[in-house]
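Me: I am new to this structure and should like to understand the terms applied to it. May I ask, point by point, what each description rests on?

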Amino acid sequence: MVAPPAFSCRRAGSESSHSSSDSTTSIGTGYDLSNSIFSPDGRNFQVEYAVKAVENGGTSVGIRCKEGVVLAVEKVVASKLLKPGANKRIATIDRHMGVVYSGMIPDGRHFVERARGEARSWRDQYKTPIPSDQLASRMGGYLQVYTLYQSVRPFGITAIVGGFDSELEAPVDGEVGNGPSVGAGGKAQGKTYGGPKLYMLEPSGLYWGYFGAATGKGRQSAKAELEKLDLAGEGGENMTLEQAVKEAARIIYVAHDDSKDKEFELEMTWISASTGPTKGLHQEVPKALRDEAERLAKAALEGDDEDEAKDKMEE
Amino acid sequence: MDHRPQAWGRPRDDIYGAYDGTYLNHNGPKQATQSPVVTGTSVIGIKFKDGVVIAADNLASYGSLARFTDVKRLRVFLDTSIVGFGGDVSDMQFLDRHLNELAIEEAYETEPLATTAEDGAVSRPGVLNAANLHKYLQRLFYARRNKFDPLWNQVLVAGLDAASRPFLSSIDLRGTAFTSPSLATGFGAMLAQPILRTHAPTEEDAAKLTREQAVNAVKECMKVLYYRDARSLDRYSIAVVTKEGIELKEDEQLEKQSWAFAERIKGYGTQTV
């Protein structure tokens, strides 16, 4: 193996002592002490550690269906002295777009601030709302830059961005008239524009578009549940936004079930088309619907427990 | 003849004389907008018992030329208020973009629409209401006036105040602001205001008006304005703001016009009396 860089030799030993639980042999060789240095087998350990930070955070889920997008998060209650319902975890980036993240909350706050800046500067330049793919691209680039330099560390968050790009004629900020009555140019006949969009961005800067996305502590079971919904096929076609809200709530409860130790609050937002309940805006799910979704989620969990108990009895 | 590239495409000095670039040299004081260019005319509004009606025609004039005939001069703010713009259209665009930015910043922090069970009314605690917007715009107009670079508009703000009572106010390019049961800007202040006052002279009278009465009064005034204001149009926008939200119609046509009175008007144009 190639010798580690000289500057980190002295500290390499002490590092290995507390990361010994990790089975990977390259850890503790000194290549994990800094960003922007690859290990000889082609890994950036700082980015991988950032992913670990994400894996400790409360579970976040995003569901995309035909009518819109739902974002949900398991907000772990750090203290009983915090006001219930305060300190929101899901943020609005632009009117038609929201973000939820798992991992280090201050990192997430900075991510949100930057995303809002990108959305604003897009509006300044183009006089129109930023499309979700452009926002994801810009933020992906921003995250990636934080893996390149010694002087910074990667973001300790994985973010799920949901948006509904307007299906209407693109509204122009400050427009005065209706434009040409024969319709805007440059549009293909019969092609639909806009629609619900969901992206997940990782600390490395990697981002993909998803039908359903999950991250945080309970991502394994959440992903398993999302896959069952068949969002890519009929599940996504047929699911209404309200059903998606109920599924999101249930998935958060399922994902939490494995770590029953801590109290949590369920926080959910949604974005519909201009014809839907939120009129194209990113908004919190109304309390009545959220309560209903939570009730169903709890009932579903209890149902599962009873089934399990029954199975055991039969055995 | 001058064949140097920098002279290409320019009027020939030997024929037209040297180019007079003195207007490009700003040696005098800085000059901001001295007068509006493309303008919208009157905006009118009146309160009724459950809300406010506001209207403006769809014309932007370039001097006396009816230049743009599909201009939306009523702008929705945060689904709570309507701002009706009279005066310079480019300043209206600036303000519209500015208010849009403000509305997005509001969306970062605010609670969702909360529908109360009993009356279906939408209550939005903490959302900027029309009274707040009025104050904000007043400070903005006044600050720009103090920079000697005014936003050349007179605007009406229609909506509800913090106690969900109807709210209607006017702000002009100097930051002068006031409220009244009925209001009109521009030519409407002369022609429509007296008619609106017969419908609602006081707040108490406005609180007795029905929605239908208020809408009819406004439509009547729009007709009078079209008859007598030479910078007006028969297509207009009208909005009704109530607790239930905003109903905005942006392409209305003046109905039941009668130009019979025009025959009796003497003393204009080519008439020889």
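Me: What makes strand β10 of chain B count as largely enclosed by the rest of the structure?

Reply: In this predicted model, a residue is called buried when its relative accessible area is under 20%. Seven of the eight residues of β10(B), which spans residues 153-160, are buried, so the strand is described as largely enclosed.

Me: Which strands does β10(B) pair with, and how do you know that they are paired?

Reply: Pairing requires at least two bridges between two strands. Six bridges join β7(B) to β10(B), and six bridges join β10(B) to β11(B), residues 166-171; both pairs therefore meet the requirement. Each of these pairings is antiparallel. Gly87(B) stands opposite Asn153(B) in β10(B), while Val157(B) stands opposite Ser169(B) in β11(B). β10(B) and β11(B) form a hairpin with five residues between them. In that turn, Ser164(B) has a positive phi of about 60°.

Me: What is noted about the phi of Leu78(B), and is this residue buried or exposed?

Reply: Most residues other than glycine have a negative phi. Leu78(B), which is not a glycine, has a positive phi near 55°. This residue is placed in the loop between β6 (74-77) and β7 (81-88) of chain B. Its relative accessible area is 14%; the cut-off for buried is under 20%, and therefore Leu78(B) is called buried.

Me: Why is Asp230(A) called partly exposed?

Reply: The term covers values between the buried limit, under 20%, and the exposed limit, over 50%. Asp230(A) has 37% relative accessibility, so partly exposed is the term that applies. Asp230(A) also has a positive phi, of about 55°, although it is not a glycine. The residue lies in the loop between α5 and α6 (234-238) of chain A.

Me: What makes β5 and β6 of chain A a pair, and which sheet holds them?

Reply: Seven bridges connect β5(A), residues 157-165, with β6(A), residues 195-201, in the antiparallel sense; at least two are needed, so the two strands are paired. One of the matched positions is Gly162(A), whose bridge partner in β6(A) is Leu198(A). Both strands belong to an open sheet of five, in the order β3-β4-β5-β6-β7 of chain A, with antiparallel pairing. In this sheet, β3 (91-94) and β7 (207-209) of chain A are called edge strands, as each pairs on one side only. The twist averages 25° from one strand to the next.

Me: Which helices touch this sheet?

Reply: Helix α3(A), residues 105-126, packs on the sheet and touches β3, β4 (97-103), β5 and β6 of chain A. The direction of α3(A) makes about 20° with that of β3(A). Helix α4(A), residues 132-145, lies across β3, β4, β5, β6 and β7 of chain A and runs at about 10° to β6(A).

Me: How do you know that β1 and β2 of chain A are paired, and where in the fold do they belong?

Reply: Six bridges link β1(A), residues 60-65, to β2(A), residues 68-76, in the antiparallel sense; this satisfies the minimum of at least two, so they pair. Arg64(A) has Val69(A) as its bridge partner in β2(A). These strands sit in an open sheet with the order β8-β1-β2-β9-β10 of chain A. The edge strands of that sheet are β8 (212-215) and β10 (282-284) of chain A.

Me: What is the largest nonpolar core made of?

Reply: A nonpolar core joins buried residues such as Val, Leu, Ile and Met through side-chain atoms within 4.5 Å. The largest one has 30 residues, and those with the most contacts inside it include Val61(A), Ile63(A), Leu226(A) and Met268(A). β1, β2, α5, α7, β9 and α8 (287-314) of chain A each supply at least two of its residues. The largest share, 10 residues, comes from α7(A). A second, separate core of 26 residues includes Val71(B), Leu78(B), Met92(B) and Leu99(B).

Me: Why is Asn44(A) said to cap helix α2(A)?

Reply: A side-chain oxygen of Asn44(A) lies 3.2 Å from the backbone nitrogen of Gln46(A), at the N-terminal end of α2(A). A polar contact requires N or O atoms within 3.5 Å, so this distance qualifies.

Key. Residues numbered from 1 in each chain as written. Chains lettered and ligands numbered in written order. Predicted model: local features only at pLDDT ≥ 70, side-chain atom pairs only at ≥ 80, totals over all residues. Heavy atoms only, no water. Helix = DSSP H or I, 4+ residues; strand = E, 2+ residues; numbered from the N terminus. Axes fitted to C-alpha atoms, helices over the stretch in contact; angles between N-to-C directions. Contact = heavy atoms within 4.5 Å. Polar contact = N/O pair within 3.5 Å; in protein donor to acceptor, adjacent residues only side chain to side chain. Buried < 20%, exposed > 50% of the residue type's maximum accessible area, 1.4 Å probe, protein only.
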